[in-house]
Amino acid sequence: MSCADMRHLIHLDAGNDLHADQEHELAGHMERCAECRDYHSQMLKSMSALNVLRDFDSAPLLTTRPRGNSWANLASGLPPRTRPVVCTRRFNLQVAALSVCSLAMAVVTIVQALPVSSYQPEVGGVPVRLASHGEQWEHQPGFSGGMGNFSGVRPAGESDGRIEPFDFRNLPETPVNLSPVPLPVSSDSEAAQSF
Amino acid sequence: MHTMSEPDAENLPYDMTEPEDGDGVFAASEARLVNDARNGDQQAFGSLFARYERRVLKVIRRFVPDAELALDLMQESFLRAYERLDQFDPSRRFGPWLFRLAVNLTYDHLRKLKRRGRWSLFSEAGDGDGPDPSSADPRVNLDLAQEVHTVLEQIPETYRTVLVLRDLEGFCTSEVAAVTERTEATVRWRLAEARKMFKEAWERREQCIGRERML
């Protein structure tokens, strides 16, 4: 093992945390390596400083607040505890797995039953759905993106089952009443209360 | 029947001997106390408090020098333990769980203090007395334990926790592993690194003092 590996053992040896075989290995290395011996002595010196703090006892602190007093303070702040409810329910994995499987099968069945769309977009045209053949689309000319040349669709009635274009420009003009509608007010006091 | 080991604790009917690790009887009685406390028996929790009060306080004081603050944190740790007894796994030992709560609570408090100091307009300036100009190095007058504590604060929390629990509080490696919820191999590696960090920081401090003395 290299000196770097031995340094790791030296750190552990400073607190007597080495296994017997590691101790033997470290002792053998330090007999040969003066540098590691020096490092080991420095390590022990640092640890002796740490031991000063270890021997520093916090016992005087307890005399300022007696033990019984500490517990009395704590007990006064303890919230009441209720008996914990023992949970006897267990998660049933089989039911969950069956539910997921059946849901997946349902989704697959629905997706397979869906019609395949033959819609193909055409520039400048409006797709018009045929009333009698719902799956087929027919492109109607006249849509250019502006409001002036738009043609909507509407059912064509009973004639041939097709949908004919609807021209919005021929809509009858109906007057729009924009006058304000008066609110029913019973009295001032009621209005104030409701407000 | 339980015996009273301390006459001043009137409300603690349980045995209040100090914890002895590896004692099966102690572990069994502790498990019973924990179970009773979980069922709402405050006196059982009082016995747990009496068992661990001193050790928890000592551990907290390793991180917090202020005695009164350490006492408050100790009480807060027990309070939190009582509130979270439902989360405690009864198949495990109560001590490491309690120490972990206390250490985490202490670190949370220290982080809060650090954040407050970072963003506050005015920081606490201690007792207001500056260093004595007649003294060449004010740190020489400091208590050595306080100096070691200052050096310890330079070590990152992860490593400092292991170092404090093992080298200052005398926890064995398995106990430190239980408190920190790490494997013993990880604890040993962190312990070696922590001692290395402490050695380097301590030597830097000694070099700094040596240079100032020469000036």
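Which residue follows α6(B), and what is the sign of its phi? I will answer that in a few minutes. What we have here is a predicted model with two chains, A and B. Let me take the chains one at a time, then look at where they touch.

Chain A. It has 195 residues, with seven helices and four strands. If you read along the sequence, six helices come before the four strands, and a helix ends the pattern: α-α-α-α-α-α-β-β-β-β-α. Of the residues of chain A, 8% count as buried. Take the contacts in chain A between residues at least 6 apart in sequence: 32% of them join residues at least 24 apart.

A word on confidence. The mean pLDDT of chain A is 71. In the same chain, 47% of the residues reach 70 or more. Over residues 142-157 of chain A, pLDDT stays under 50. The model still has 32 contacts beyond four places in sequence for that stretch. Where pLDDT is low, the predicted coordinates should not be read in detail. I will leave that stretch there.

Chain B. This chain has 215 residues, and 34% of them are buried. Its secondary structure comes to eight helices and zero strands, so to speak a plain row of α from the N terminus on. For contacts in chain B with a separation of 6 or more, 61% are between residues 24 or more positions apart.

Now one helix of chain B in detail. Helix α6, residues 157-168, is mostly covered, with ten of its twelve residues buried. The buried ones run from B:Y159 to B:L168, and they include B:R160, B:R166 and B:D167 as well as B:V162, B:L163, B:V164 and B:L165. That brings me back to the opening. The residue after α6(B) is B:G170, and its phi is positive, near 75 degrees.

Most residues other than glycine have a negative phi. Two residues in this model are worth pointing out on that account. A:N16 is not a glycine, yet has a positive phi of about 55 degrees. Where is A:N16? It sits in the loop between α1 and α2 (20-32) of chain A. A:N16 is exposed, because 7 other C-beta atoms lie within 10 Å and the cut-off for exposed is 12 or fewer. In chain B, B:E181 also has a positive phi of about 55 degrees and is not a glycine. B:E181 lies in the loop between α7 (173-180) and α8. With 10 other C-beta atoms within 10 Å, B:E181 is exposed.

Further along, in helix α8 of chain B, we find B:T186. B:T186 is partly exposed, with 14 other C-beta atoms within 10 Å. Its C-alpha atom is 9.9 Å from that of B:T173, which is 13 residues away along the chain.

Next, the contact between the chains. How many residues of each chain take part? The count is 34 residues of chain A and 39 residues of chain B. On the chain A side, the elements that give two or more residues are α1 (3-13), α3 (34-55) and α5 (67-77). By class, that side has 17 nonpolar, eleven polar and six charged residues.

Two helix pairs show how this looks. Two packed helices are described by the angle between their axes and the distance between the axes.

The pair of α1(A) and α8(B), residues 184-214, packs at an angle of about 90 degrees, with the axes 8 Å apart. That makes α1(A) roughly perpendicular to α8(B). From α1(A), the contact uses A:H8, A:H11 and A:L12; from α8(B), it uses B:R188, B:L191, B:A192, B:R195 and B:K196. By class, this contact has three nonpolar, two polar and three charged residues.

The other pair is α3(A) and α5(B), residues 144-152. Their axes come within 9 Å and cross at roughly 110 degrees. These helices are therefore roughly perpendicular to each other, since 65 to 115 degrees counts as such. The crossing of α3(A) and α5(B) is left-handed. The residues in contact are A:A49, A:L50, A:V52 and A:L53 on α3(A), and B:L144, B:A145, B:V148 and B:H149 on α5(B). They divide into seven nonpolar, one polar and no charged.

That is all I have.

How values were computed
Residues numbered from 1 in each chain as written. Chains lettered and ligands numbered in written order. Predicted model: local features only at pLDDT ≥ 70, side-chain atom pairs only at ≥ 80, totals over all residues. Contact = placed C-beta atoms within 7 Å. Nonpolar A, V, L, I, M, F, W, Y, C, P; charged D, E, K, R; others polar. Axes fitted to C-alpha atoms, helices over the stretch in contact; angles between N-to-C directions. Parallel < 35°, antiparallel > 145°, perpendicular 65-115°, else oblique. Left-handed = near helix turned anticlockwise from the far one by under 90°. Buried ≥ 20, exposed ≤ 12 C-beta atoms within 10 Å, placed from the backbone. pLDDT = per-residue confidence, 0-100.
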